[in-house]
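Have you ever wondered how people decide what to call the way two helices or two strands meet? Let us try it together, one label at a time.

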Amino acid sequence: MSDGILSRLVEDGKRSAEEARAESYVMVNVRPGEKVSALLDLLSRLSGKSPSALMAERLSEALADLAMSSAAHGPAILNAAAKGASFHDGCAMAILEQRGVIEWHSTNALSFDGFGVVPSDATASKEP
Amino acid sequence: MSTPHLPDPNVRIVGKGKHLGEITVRLHPEKLPAAQEETSRRTERKYNMRIKGQDVALLDALADQVDRPRSQIINELLHGILLSELQALGETDAQVLVAVTADADAPYDPLARPWVFDALRSDVAALIQNNLWHTYDYPLDFPSDASPELRAEMEAGRNSQAFNILKAQIEGLGR
């Protein structure tokens with residue numbers, strides 16, 4: 001994209017929207033080591049995005065991949081659900097649901113929407 | 001005015017003997033290779049990564065299960081994402097170009113490098129050359145009546161399109 005006035009306006013708008021979306025994010029301080037840093041910085045420079053913005057959208061899928069990489073992670077997935085892990089589109093639990101790894105049930109199918117709801121006595125299916 | 005006596009920096013008193021008197025050791029620096037400028041080790045980079053709030057519960061549950069800090073799990077996720085990005089390029093020369101460019105900025109600890117890379121050091125270097133600069137530098141047999149456009153096209157054909165695009169972008173970074 002050229003460095004014109006309108007282009008900058010669009011870029012600023014994108015940045016503002018990104019910051020607004022960031023409200024639902026938490027910041028985690030990491031030191032990934034030189035190997036990861038070197039490639040992360042290179043991709044950041046090539047793409048013109050910050051390392052955090054570059055990785056944020058990919059982390060959910062990577063987390064879902066990690067969670068389903070071993071049956072040993074089953075208890076962790078259930079623990080996360082019990083602690084209120086939500087099912088917003090694109091987050092790791094939603095990806096696990098899409099892939100059929102987990103399935104939600106509720107005794108009250110009409111009020112249950114799967115978003116941040118902690119199931120207690122799951123008996124009825126989410127789908128009517 | 002006499003010049004004050006300065007101690008010779010290459011001489012060090014190492015002890016005193018009853019019969020030998022003061023014992024010194026002299027260093028002959030001319031016998032040593034010239035000191036190379038110390039390459040400044042890059043300070044370990046620190047990032048503030050944004051994680052979706054909805055993912056934190058699963059992240060922490062997995063970290064608890066494997067008894068590792070949350071940040072270490074994120075580091076592993078970052079490595080996996082970057083590796084898949086590299087592999088997704090498909091073309092080997094483009095992958096090597098990106099890897100070599102990134103590696104140039106990573107002061108790897110030789111003590112942490114697997115022995116097999118030390119054993120195969122020259123072979124690994126040759127492998128990189130073959131995948132990257134060999135194709136790039138290999139002399140082309142241009143037809144005598146080749147137009148500049150054809151020559152440019154043949155030059156570009158040494159490597160994959162992905163390589164050529166990335167090479168131009170990397171050069172544009174002003175490295």
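Here are some questions and answers about this predicted model.

Q: Why is helix 3 of chain B called roughly parallel to helix 8 of chain B?
A: Start with the angle: helix 3 (residues 92-103) and helix 8 (residues 161-172) of chain B have axes that cross at roughly 25° and come within 8 Å. Angles under 35 degrees count as roughly parallel, so helix 3 of chain B is roughly parallel to helix 8 of chain B. The crossing of this pair is left-handed.

Q: Which residues make the contact of helix 3 of chain B and helix 8 of chain B?
A: Helix 3 of chain B brings Asp93(B), Ala94(B), Leu97(B), Val98(B) and Thr101(B), while helix 8 of chain B brings Ala162(B), Phe163(B), Leu166(B), Lys167(B) and Ile170(B). By class, the residues of this contact are seven nonpolar, one polar and two charged.

Q: Why is helix 4 of chain A called oblique to helix 1 of chain B?
A: Look at the angle again: helix 4 of chain A and helix 1 (residues 56-66) of chain B pack at about 140°, with axes 8 Å apart. Roughly antiparallel is kept for angles over 145 degrees, and roughly perpendicular for 65 to 115. The angle fits neither range, and therefore helix 4 of chain A is oblique to helix 1 of chain B. The crossing of these two helices is right-handed.

Q: What residues meet where helix 4 of chain A packs on helix 1 of chain B?
A: Pro75(A), Ala76(A), Ile77(A), Asn79(A) and Ala80(A) of helix 4 meet Ala57(B), Leu58(B), Ala61(B), Leu62(B) and Gln65(B) of helix 1. This contact has eight nonpolar residues, two polar and no charged ones.

Q: How do you know that strand 1 of chain A and strand 3 of chain B pair?
A: Two strands pair if there are at least two bridges between them. Strand 1 of chain A and strand 3 (residues 47-52) of chain B have six bridges, in the antiparallel sense. Across the pair, Val30(A) stands opposite Tyr47(B).

Q: What makes up the side of chain A that touches chain B?
A: In this interface, 48 residues of chain A are in contact with 41 residues of chain B. Helix 2 of chain A gives the largest share of the chain A side, twelve residues. By class, that side has 30 nonpolar, eleven polar and seven charged residues.

Key
Residues numbered from 1 in each chain as written. Chains lettered and ligands numbered in written order. Predicted model: local features only at pLDDT ≥ 70, side-chain atom pairs only at ≥ 80, totals over all residues. Axes fitted to C-alpha atoms, helices over the stretch in contact; angles between N-to-C directions. Helix = DSSP H or I, 4+ residues; strand = E, 2+ residues; numbered from the N terminus. Left-handed = near helix turned anticlockwise from the far one by under 90°. Contact = placed C-beta atoms within 7 Å. Nonpolar A, V, L, I, M, F, W, Y, C, P; charged D, E, K, R; others polar.
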